[in-house]
Structure formats: structure tokens, C-alpha cells
Protein chains: 2
Amino acid sequence: MVKNQDIIHQLNQKVRYINKHLNDCLKNHGLYNAQWSIIYYLYKNGAKTQTEITQYFHVEAPTVTRTLKRMEANGWISRTQGQDKRARLIQLTDSAKEKYFDIEKSVASHEEKMLEQLSEEEKNVFYQLIQKLV
Amino acid sequence: MVKNQDIIHQLNQKVRYINKHLNDCLKNHGLYNAQWSIIYYLYKNGAKTQTEITQYFHVEAPTVTRTLKRMEANGWISRTQGQDKRARLIQLTDSAKEKYFDIEKSVASHEEKMLEQLSEEEKNVFYQLIQKLV
DNA sequence: TAAAAATAGTTACCTAGGTAACTATTTTGC
DNA sequence: GCAAAATAGTTACCTAGGTAACTATTTTTA
């Protein structure tokens with residue numbers, strides 16, 4: 001019978017490894033893992049406030065502030081004031097949208113390698129089990 | 001059919017959430033996730049060099065140097081020079097060994113919560129699938 | 001055996017997570 | 001309607017991941 005601690009431990013080991021190598025592949029595009037995740041989220045879901053991003057990623061506000069500032073400085077996003085003057089609306093720049101497919105392509109090829117040992121059926125089962133976590 | 005990118009994305013989402021809450025529970029013992037992982041590893045496998053720790057966790061050398069220095073400063077480990085004068089042998093202190101079971105107990109209770117939606121059979125399947133990653 | 005190459009670890013600096021304490025708005029409630 | 005409370009975001013500082021460039025040993029090899 002497999003132990004809870006071994007599951008969590010192996011999960012961390014693999015995710016650390018996957019992200020390390022994902023960063024290698026993103027480096028060619030001048031991006032980091034966290035920044036790519038935000039681009040992916042905004043591309044699929046349109047403009048969002050910082051709070052929405054914070055809640056979606058289960059990450060604290062200062063983390064998002066920092067990463068978005070870097071992304072703004074590097075021309076990936078714009079941050080405009082919303083109707084609520086406290087809030088900032090985050091949008092992908094046209095330049096980011098143009099680059100999106102190229103980046104997605106190399107990320108997809110990396111992700112395929114990471115999952116190549118799983119059959120389609122196993123991927124489905126795996127995904128269902130991940131959803132049951134927490 | 002589930003997409004590779006969704007699997008990796010959800011994996012990251014869940015692991016980020018699990019570790020965030022694991023840190024909450026470790027805070028009571030004056031520990032962080034990475035430090036607890038090293039204690040766990042040394043407790044199960046005995047004294048190791050920094051290189052062995054680096055290789056086991058798929059982490060770069062400077063990361064390990066830093067974390068071990070903090071752990072030494074806080075009395076969790078000792079770092080002694082090996083026969084190879086370049087190498088350092090890392091050992092748990094007696095104090096760390098004494099505290100081990102208490103910490104493991106609260107970590108175990110946290111991990112159980114994270115996995116409570118999975119049956120024993122599902123946990124086995126999940127563990128097998130995790131092993132197939134990378 | 002002496003020079004070159006490899007290995008173990010460190011230092012300096014990058015991004016990404018966290019908490020605590022703060023400002024500036026908006027919402028609530030008396 | 002004004003004071004209190006809640007909310008959105010920022011700043012300062014903590015740990016944890018990374019790379020590049022370095023020192024000090026050990027191993028290889030010519």
C-alpha cells in the first residue's frame with residue numbers, strides 16, 4: 001500500500017523536474033514559467049484584474065504585482081486603471097499575442113516529452129485523479 | 001481527450017496549493033518545505049554529501065548550499081569535511097532526530113487531508129502514473 | 001610527474017513563492 | 001452622510017528555485 005508521504009514527495013520531485021526543463025525551453029523566448037502561465041491564462045480568458053489572477057493561481061498578491069511589473073517592463077502586458085480606481089486591468093499586448101503560437105508550440109513539444117510514457121487512457125485517468133487532489 | 005497542457009497546468013496548480021498549505025503547517029516547527037524534504041531524506045537515508053542531495057532532488061548546487069547553511073544555523077544539521085577535502089558530509093543533529101516524529105505527525109495529517117478524496121486503489125494508480133512522468 | 005580537466009562547493013545576482021505592514025479607494029452600517 | 005470596515009494593490013523583507021563565474025581540491029592524461 002503506497003504511503004501519502006511518498007505520493008506527495010514524488011509529485012514534488014517530478015513537478016520540480018518538469019518546471020526546471022520547461023524554463024530551459026521558455027528561456028529561448030525570454031520568458032519564465034510563471035510569466036508563461038499568466039500569458040496562457042490571459043490568452044484563453046481575456047483581460048483580468050490582478051485580484052482575479054491572484055485567485056486563479058492560488059498565489060498571494062505581492063507575487064502577482066512583481067511578476068506583472070516585469071512582464072510590463074518586457075512588453076508582454078499592459079496594466080490600465082479600471083472603473084474601480086484601486087484595481088488594475090491586465091491585458092496582453094499585441095506583440096504578446098503575435099508571439100503566442102510560437103511559444104505554445106515549443107512548450108507543447110516539451111510537455112509531450114514529459115508525458116510520453118503515458119497512453120491516452122492513462123492521461124485521462126491521471127487528469128481525473130489530479131482533479132481530486134486538495 | 002485531455003490535453004497535455006491541461007495536465008501540466010493542473011498539476012502545477014495543485015502542487016502550488018499543496019505546498020502553500022504544507023508550509024503553513026511546517027511554520028509551527030520553524031521549518032520550510034525544502035528544509036523538511038532534506039530532513040526527511042537524511043532521516044531515511046543517513047548522512048549524505050551535498051552533491052548527493054543535489055542529485056537526489058534535481059536541484060542545482062547553489063540552492064542546496066544556501067538551504068543547508070540556514071539549516072546549520074538553525075541547528076538541524078551539521079556539515080563536516082569528508083576524506084575528499086572538497087566535499088562536505090551532511091548529518092542530522094540529535095536535536096533534529098528528536099523532533100522528527102512530532103513534525104512527521106503533523107505533516108502526515110496535512111498530507112492525508114490533501115489526498116482524502118482518493119481511495120486506496122486510486123492512490124496506487126496515481127502513484128504509478130506519477131512514476132511514469134518525465 | 002606536471003599540466004589539463006573534472007569535481008565539490010561557494011558567491012553574486014536573477015525570478016518566484018511567502019508574510020507583514022502600508023496606502024488608497026470603495027462599501028457597509030449606524 | 002460620515003466613520004468603520006473591507007478591498008486592491010504596493011513595498012520591504014523572508015525562503016527557494018535558477019545561471020554564471022569563481023576557488024580549491026582531485027583525477028586524468030600526455
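Helices and strands here are DSSP runs, at least four residues long for helices and at least two for strands, numbered from the N terminus. Please keep in mind throughout that this is a predicted model.

**Figure 1. An overview of chain A and its secondary structure elements**. Chain A comes to six helices and three strands. Follow the chain from its N terminus and you will meet these elements in the order α-α-β-α-α-β-β-α-α. Along the principal axes, the C-alpha atoms of chain A fill a box of roughly 55 × 30 × 25 Å.

**Figure 2. The paired strands of chain A**. Here β3(A), residues 88-92, is a good place to start, with β1(A), residues 48-49, joined to it by two bridges in an antiparallel arrangement. Within this pairing, look for A:T49, whose bridge partner in β3(A) is A:L89. Strand β2(A), residues 77-81, also pairs with β3(A) in the antiparallel sense, this time over five bridges. One pair to pick out is A:S78, which stands opposite A:Q91 of β3(A). Between β2(A) and β3(A) lie six residues, and the two strands form a hairpin. As a reminder while you look at the side chains, those of a regular strand alternate between the two faces of the sheet.

**Figure 3. The contact between chain A and chain B**. Each partner brings residues to this contact: 39 from chain A and 39 from chain B. On the side of chain A that touches chain B, the elements supplying at least two residues each are α1 (4-27), α5 (94-114) and α6 (120-131). Helix α1(A) provides the largest share of that side, with 15 residues. Sorted by class, the chain A side holds 20 nonpolar, nine polar and ten charged residues.

**Figure 4. Helices α1 and α5 of chain B where they cross**. Two packed helices are described by the angle between their axes and the distance between the axes. In this view, the axes of α1(B), residues 4-27, and α5(B), residues 94-114, come within 10 Å and cross at roughly 150°. Because angles over 145 degrees count as roughly antiparallel, α1(B) is roughly antiparallel to α5(B). The crossing of these two helices is right-handed. From α1(B), the contact is made by B:I18, B:H21, B:L22 and B:C25, and from α5(B) by B:S106, B:V107, B:H110 and B:M114. Five residues of this contact are nonpolar and three are polar, with no charged residues.

**Figure 5. The protein surface near DNA strand C**. DNA strand C is surrounded by 22 residues, the closest being A:Y32, B:Q50, B:T51, B:P62 and B:T65. Both chains take part: α2 (33-45) and α4 (61-73) of chain A, and α3 (50-57) and α4 (61-73) of chain B, each supply at least two residues. The largest share, four residues, comes from α4(A). By class, you will find seven nonpolar, seven polar and eight charged residues on this surface.

**Figure 6. The protein surface near DNA strand D**. Around DNA strand D there are 22 residues, of which A:Q50, A:T51, A:P62, A:T65 and B:Y32 come nearest. Two or more residues are given by each of α3 (50-57) and α4 of chain A, and by each of α2 (33-45) and α4 of chain B. Helix α4(B) gives the most to this surface, with four residues. The surface near DNA strand D divides into seven nonpolar, seven polar and eight charged residues.

How values were computed:
Residues are numbered from 1 along each chain as its sequence is written. Chains are lettered from A and ligands numbered from 1 in the order in which they are written. This is a predicted model: local features need pLDDT of at least 70, side-chain atom pairs count only at pLDDT 80 or more; totals for chains, interfaces and linings use all residues. A residue is near a molecule or strand if its C-beta atom, placed from the backbone, lies within 6 Å of it. Ala, Val, Leu, Ile, Met, Phe, Trp, Tyr, Cys and Pro count as nonpolar, Asp, Glu, Lys and Arg as charged, and the others, Gly among them, as polar. Two strands pair if DSSP finds at least two bridges between them. Two residues are in contact if their C-beta atoms, placed from the backbone, lie within 7 Å. Axes are lines fitted to C-alpha atoms, for helices over the stretch in contact, and angles run from 0 to 180 degrees between N-to-C directions. Angles under 35 degrees count as roughly parallel, over 145 as roughly antiparallel, 65 to 115 as roughly perpendicular and the rest as oblique. A crossing is left-handed if the near helix is turned anticlockwise from the far one by less than a right angle, and right-handed if clockwise.
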